[in-house]
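Hello,

Here is the structure I promised to hand over. Please open it alongside this email, and then read the notes below.

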Amino acid sequence: MNFRGPSSITIDAKGRIAMPARYRQALMETCGGQLVITVDPREFCLLLYPLPAWSELEQEIARMPSFDRSSRMLQRILIGYATETEMDRQGRMLLPQELRTRAKLDKQAMLVGQGRRFELWDEA
C-alpha cells in the first residue's frame, strides 16, 4: 500500500488521532491496524509506519555500524523513540505525550502520506 496526500486531523483531549477513513481498510488488511510511531531525527514531526514496514526498516537500521557516530545517533533516535500502537474500531490511535511534545503537536495536525509511511506535523 502506498499512502499519498495530506489530511487535516484533530488530536483529541486524550492525545488520540483518527486515521482518515481512506486508509483504515488498507491498514487493517496489511497490518491488523498495528503501527509504530517514532520521531523524525531532523524535523519536528512524527513518523507512523504500518508494523510490517517498520519491521523491515528496523532491521536495516540494526544492521548499520554501531561504531559510526551518525549511524548510532539514527539508531538511538528512531528505535529509541519507537512506540507500538493499534487502531481501535473507530480508527483512533493514541499518540504518547512524550512524542507529541517532541514533535510540537497541539490540537490540529496534518497527516501526510509518504508512500510506505506517514508524517504527522503540527498544522501551523
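**Val 36 and its surroundings**

Not counting residues up to four places away in sequence, Val 36 contacts Leu 47, Leu 48, Tyr 49, Leu 51, Trp 54, Ala 82, Thr 83 and Glu 84. Keep in mind that this is a predicted model. Val 36 sits in strand S3. Its relative accessible area is 1%, so Val 36 is buried. Pro 50 is 14 residues away from Val 36 along the chain, yet their C-alpha atoms are separated by 6.4 Å.

**The cores**

Which residues touch the most other members of the largest nonpolar core? They are Met 19, Leu 27, Leu 46 and Leu 120, in a core of 24 residues. Six elements are listed here, each giving two or more residues to this core. The strands are S1 (3–10), S3 (34–39), S4 (45–50), S7 (108–115) and S8 (118–122). The helix is H1 (21–31). Another core, of eight residues, lies apart from this one. Val 36 belongs to that eight-residue core, and so do Cys 45, Ala 53 and Leu 78, among others.

Look at Leu 120 next. Setting aside neighbours within four places in sequence, Leu 120 contacts Ile 9, Ile 17, Cys 45, Leu 46, Leu 48 and Leu 95. Leu 105, Ala 109, Met 110 and Leu 111 are also in contact with Leu 120.

**The H2 and H3 pair**

Helix H2 covers residues 51–62, and helix H3 covers residues 69–80. Their axes come within 10 Å and cross at roughly 155°. That angle is over 145 degrees, so H2 and H3 are roughly antiparallel to each other. The crossing of H2 past H3 is left-handed. Where do the two helices meet? H2 brings Trp 54, Glu 58, Ile 61 and Ala 62. H3 brings Gln 75, Leu 78 and Ile 79. Of the residues in this contact, five are nonpolar, one is polar and one is charged. Two of these names have come up before. Trp 54 is also among the contacts of Val 36, and Leu 78 is among the residues of the eight-residue core.

**Leu 94 and Pro 96**

Leu 94 is in strand S6 (residues 92–94). Is Leu 94 buried or partly exposed? Its relative accessible area is 44%, so Leu 94 is partly exposed. Beyond neighbours up to four places away in sequence, Leu 94 touches Lys 14, Gly 15, Arg 16, Ile 37 and Thr 85. Arg 69 is 25 residues from Leu 94 in sequence, and 32 Å from it in space, C-alpha to C-alpha.

Pro 96 is in the loop between S6 and H4. With 23% relative accessibility, Pro 96 is partly exposed. Leaving out neighbours within four places in sequence, Pro 96 contacts Ile 37 and Thr 83. Ile 37 is also touched by Leu 94, and Thr 83 is also in contact with Val 36. Lys 107 is 11 residues from Pro 96 along the chain, with 14 Å between the C-alpha atoms.

**Lys 104**

One backbone angle deserves a look. Most residues other than glycine have a negative phi. Lys 104 has a positive phi, near 60°, and is not a glycine. Lys 104 is in the loop between helix H4 (97–102) and S7. The relative accessible area of Lys 104 is 52%, so this residue is exposed.

Best wishes

Terms used:
Residues are numbered from 1 along each chain as its sequence is written. This is a predicted model: local features need pLDDT of at least 70, side-chain atom pairs count only at pLDDT 80 or more; totals for chains, interfaces and linings use all residues. Side-chain values use heavy atoms; hydrogens and water are left out. A nonpolar core is a set of buried Ala, Val, Leu, Ile, Met, Phe, Trp, Tyr and Cys residues joined through side-chain atoms within 4.5 Å. Buried means under 20% relative accessible area, exposed over 50%, partly exposed in between (1.4 Å probe, protein chains only). Helices (H or I, at least four residues) and strands (E, at least two) are DSSP runs, numbered from the N terminus. Contact means heavy atoms within 4.5 Å. Axes are lines fitted to C-alpha atoms, for helices over the stretch in contact, and angles run from 0 to 180 degrees between N-to-C directions. Angles under 35 degrees count as roughly parallel, over 145 as roughly antiparallel, 65 to 115 as roughly perpendicular and the rest as oblique. A crossing is left-handed if the near helix is turned anticlockwise from the far one by less than a right angle, and right-handed if clockwise. Ala, Val, Leu, Ile, Met, Phe, Trp, Tyr, Cys and Pro count as nonpolar, Asp, Glu, Lys and Arg as charged, and the others, Gly among them, as polar.
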